[in-house]
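Welcome to my notebook. I opened this structure for the first time today, and below is what I looked up, entry by entry.

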Amino acid sequence: MKEVTLEIDGKEVKVKEGTTLLEAAKTVGVEIPTLCYHEKLEPYGACRICSVEIKSGNRTRLVAACVYPVEEGLVVNTKSERVAKTRKMLLELMLARAPSAKKIEDLAYEYGVDKARFEKESFFCILCGLCVRYCAEVKKKNAITFIGRGTEREVMFIPEIASRECPSCQGCFDLCPTDGLRANFLLAQALTF
Amino acid sequence: MPRLSSVNELEELRQDILAKRDPQKPCIAICAGTGCLALGCDKVITAFREEVKKQGLEGKVDIRETGCPGFCENGTVVTIYPEGIFYIKVTPEDVTEILSQTIIEKKVIDRLLYVDPTTNEKIIHEKDVPFYKYQKRILIGNNSKLDPKSLDDYIALGGYGALAKALFHMTPEQVLEEVKKSNLRGRGGGGFPTGRKWESVRDAPGEPKYVIVNCDEGDPGAFMNRALMEGNPHSVLEGLIIGAYAMGSHEGFIYVRAEYPLAVDNVRLAIKQAEEHGLLGENILGSGFDFKIEVHQGAGAFVSGESSALMTAIEGRVGEPRPKYIHTSEKGIWDKPSDLNNVETWANIPFIINKGVSWFNSIGTDRSKGTKIFALVGKVNNTGLVEMPLGATLRDIIYKIGGGIPGGKKFKAVQTGGPSGGCIPEAYLDFPIDFDELTKLGSMMGSGGMIVMDEDTCVVDVARYFLNVLRDESCGKCVPCREGIRQMLRIFNRITEGKGEEGDIELLEEISEVMRDSSLCALGQTAPNPVLTTLEYFRDEYEAHIREKRCPAGVCKALISYYIDPNKCQACMICLRDCPAGAIEGGKNLIHVINQEKCTKCGTCLEVCPPRFDAVRRMSGEPIPVPIPQEERVISRKEKQ
């Protein structure tokens, strides 16, 4: 496969064609934060926290590093002001949903989210879909899924499958960046199994 | 009907059809589109059929159930050919008279004519009605000339001639070159050059290649795709087959939303007819080219109109967008090269092939060629579908064709491009409308929705309305779109409830910027447009809501009050009786007072107060005067003295 040369945060990177920016950055030790990414799962591009700024020609724009494939001569900036501002707002938005999630709190602190300008809501879940995709892609059980659309979207265990599969598996629990999944499971177990 | 296996046979069929038709025979064309159907056109059609029998006119007059001619507000619309006499708001009760007077006696029935609201003149012929007169009806014009359920009608008008020309006189490369040179741009919203899209699909490695019609029209108030799909489905099919030939595709999909049942029926029938006639399927017209089409019904998601979401839906999964860093033209349905174009884009293709590139390039502006159908709705006298050359001004559309704003009100803004578009104020009424100009103004062409607003519209409320639409229509996958909309809506609710704070405007702008920059698909990236354009052009209204707790248009209920002026009130009891909340106190000869605690701010009192008294006032941002003491409220009337 062809090799592609690009620049990430001033460092020259040579990787195989088809590599994502996130993977390419890792090879030169550039850390990009992620929440919905997992190396065992298909990239999803939903949390957008891995947004980085790319420059091709005179145009700069933000792209999600976990899904954007490398291009010859691309100049990538993972720490620009625009990137920091975007990540800060995204974290602020996520923190309003899941106020006590350690992983998000830590990232929020790192990006200087100092004030909570949005009303808190106790969803506990940021809908990163790690659990849903793990169950579908790795376990191939589809015991947990998304329901609803737009702001009504939520994650739900499917009682018929979950009551059979989940008690002995629970493999998705440790992937969850918040504590929402465990609570969700206990609730589902109590109410529907 | 035997399959047509050559161009000659198609031409012979056309000649046969034409030979059997007498252009001088009276024909009553009745709109059978969804708009008129809602107004009862089915009953009008039945009445005509029965009455023709009763009056013994069978064989002497044709009745044609047509597609939507666009003037929906005046349905049921009926046009009598060959004269082109145009009747509006026809009901079954008018049918006997139309047959006896207009068809037999050749007399025009005055009361069914359209009256020009600006001149009060009655207009007899369709072509003279201002709504039609100033349009350039290339795509939609045939809607009233054919029955969408009749392939014969389409062929009589030269239908499938462009397909025959492409298959037998052009190579696929020549067809592609022709579309590229035409500079046709995607009519679904993006305005991407169609020819370039086709080329990348044609050049992309991988077989099979798919071609798709996007009829998932979902913008509030937009229905141009529906009108074409219902009214002239064969024109869309013909365009699609030509495109498939150019791109080397042998399989196509038509994605129609299930909420368009008539469009689904008509296009299914059209596919069946085309297959039976050898215009679709294997060895089309004996050319050796094979192509089949499948209809896929959408399940009512706005976001499924987004190309990657639509393709995911066709694959049988939930219609959610996926990252498009690898274009769908390379990896679309089942990761195969796929071309998706809007209904209106496809409908342009037969015209470009038939009439040529120079004809098409003679219409429109420098970078936007051809016509565009707009759905003109809202506070405008003539609502309906308007087809104009690109580059026409908003003023032309709203005033010349739309007949201006009703009730002598002032124009305030026009929202173009649906929930992802923006509000354009009066200052830009003379700007030419094309893809680039609208983008410059912070709005977009979108699918061509055009919602006109008058001075009684609150732009803050409008922006809130569109966010509300998107709150339900976002797929909810990515954080900026889902959470950004949720929080923006919170702020909007606060502002319109009079709880807005300093800093709210800046926060809205901050969220908007992040949504634009980092959302996964175009829905999220453009969702802030209504907010940003209203902030740009009407910032003072936002400030009035936040700082003065005043809604300048008098719309936001929490910020308005109704008040009865004691000096003008004649204690006539009308508002007191009509108030649905029982909030008006008073009596005969006792001046009325609104109990503000009980008032639900519905505005009924203002509506019913006789204009000669003019006693009810809507107030915003000012204190309500203290009611006058009980003893001063008694009116002693002169005549009783």
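**Entry 1: chain A, first look**

I began with the order of elements in chain A, which from the N terminus reads β-β-α-β-β-β-α-α-α-β-β-α-α. That makes six helices and seven strands for chain A. I note here that I am reading a predicted model.

Next I looked up the dimensions: along the principal axes, the C-alpha atoms of chain A fill a box of roughly 55 × 45 × 25 Å. What share of its 193 residues counts as buried? I found 42% for chain A. I also checked how far apart in sequence the contacting residues are. Among contacts in chain A between residues at least 6 apart in sequence, 54% link residues at least 24 apart.

**Entry 2: domains of chain A**

I then turned to the domain assignment, which splits chain A into domain 1 (3–78), domain 2 (80–122) and domain 3 (130–192). I picked domains 2 and 3 of chain A for a closer look, and their C-alpha centres lie 24 Å apart. Their contact takes four residues from domain 2 of chain A and four residues from domain 3 of chain A. On the domain 2 side, I noted three nonpolar residues, one charged and no polar.

**Entry 3: where chain A meets chain B**

How many residues of each chain are in contact with the other? I noted 26 residues of chain A and 28 residues of chain B. On the chain A side, strand S4 (59–64) and helix H2 (81–97) each supply at least two residues. H2(A) gives the most to that side, with six residues. By class, the side of chain A that touches chain B holds 14 nonpolar, six polar and six charged residues.

I followed H2(A) across to chain B, where it packs with helix H20 (residues 504–518) of chain B. Their axes are 10 Å apart and the angle is about 110°. An angle of 65 to 115 degrees counts as roughly perpendicular, so H2(A) is roughly perpendicular to H20(B).

I wrote down the residues too. From H2(A), the contact uses A:Thr86, A:Met89 and A:Leu90. From H20(B), B:Glu510, B:Ile511, B:Val514, B:Asp517 and B:Ser518 take part. Sorted by class, the residues of this contact are four nonpolar, two polar and two charged.

**Entry 4: a helix pair within chain B**

I stayed with helices and moved to H18 (residues 459–473) and H22 (residues 529–547) of chain B. The axes of H18(B) and H22(B) come within 8 Å and cross at roughly 135°. That crossing makes H18(B) oblique to H22(B).

Which residues make the contact? H18(B) brings B:Val459, B:Val460, B:Val462, B:Ala463 and B:Phe466. H22(B) brings B:Pro530, B:Val531, B:Thr534, B:Phe538, B:Glu541, B:Tyr542 and B:His545. I classed the contact of H18(B) with H22(B) as nine nonpolar, two polar and one charged residues.

**Entry 5: a hairpin in chain B**

Now for some strands. Strand S1 (residues 27–31) and strand S3 (residues 78–81) of chain B run antiparallel and are joined by four bridges. S3(B) is also joined to strand S4 (residues 85–87) of chain B, again antiparallel, by three bridges.

B:Val78 was a handy residue to follow. In S3(B), B:Val78 stands opposite B:Ile30, and its bridge partner in S4(B) is B:Tyr87.

S3(B) and S4(B) form a hairpin with three residues between them. In the turn I found B:Gly84, with a positive phi of about 80°.

**Entry 6: a buried strand in chain B**

My last stop was strand S7 (residues 210–215) of chain B. Is it buried or exposed? Six of its six residues are buried, so S7(B) is largely enclosed by the rest of the structure.

I also noted which way the residues point. In a regular strand the side chains alternate between the two faces of the sheet. From S7(B), B:Tyr210, B:Ile212 and B:Asn214 point one way, while B:Val211, B:Val213 and B:Cys215 point the other way; all are buried.

Then I looked up the partners of S7(B). It pairs in the parallel sense with strand S8 (residues 251–257) of chain B over six bridges, where B:Cys215 stands opposite B:Val256. S7(B) pairs with strand S10 (residues 338–342) of chain B, also in the parallel sense, over five bridges. There, B:Asn214 has B:Asn342 as its bridge partner.

Terms used
Residues are numbered from 1 along each chain as its sequence is written. Chains are lettered from A and ligands numbered from 1 in the order in which they are written. This is a predicted model: local features need pLDDT of at least 70, side-chain atom pairs count only at pLDDT 80 or more; totals for chains, interfaces and linings use all residues. Two residues are in contact if their C-beta atoms, placed from the backbone, lie within 7 Å. Ala, Val, Leu, Ile, Met, Phe, Trp, Tyr, Cys and Pro count as nonpolar, Asp, Glu, Lys and Arg as charged, and the others, Gly among them, as polar. Axes are lines fitted to C-alpha atoms, for helices over the stretch in contact, and angles run from 0 to 180 degrees between N-to-C directions. Angles under 35 degrees count as roughly parallel, over 145 as roughly antiparallel, 65 to 115 as roughly perpendicular and the rest as oblique. A residue is buried if 20 or more other C-beta atoms lie within 10 Å of its own, exposed if 12 or fewer, and partly exposed in between; C-beta atoms are placed from the backbone. Two strands pair if DSSP finds at least two bridges between them. Domain bounds come from an automatic or database domain assignment.
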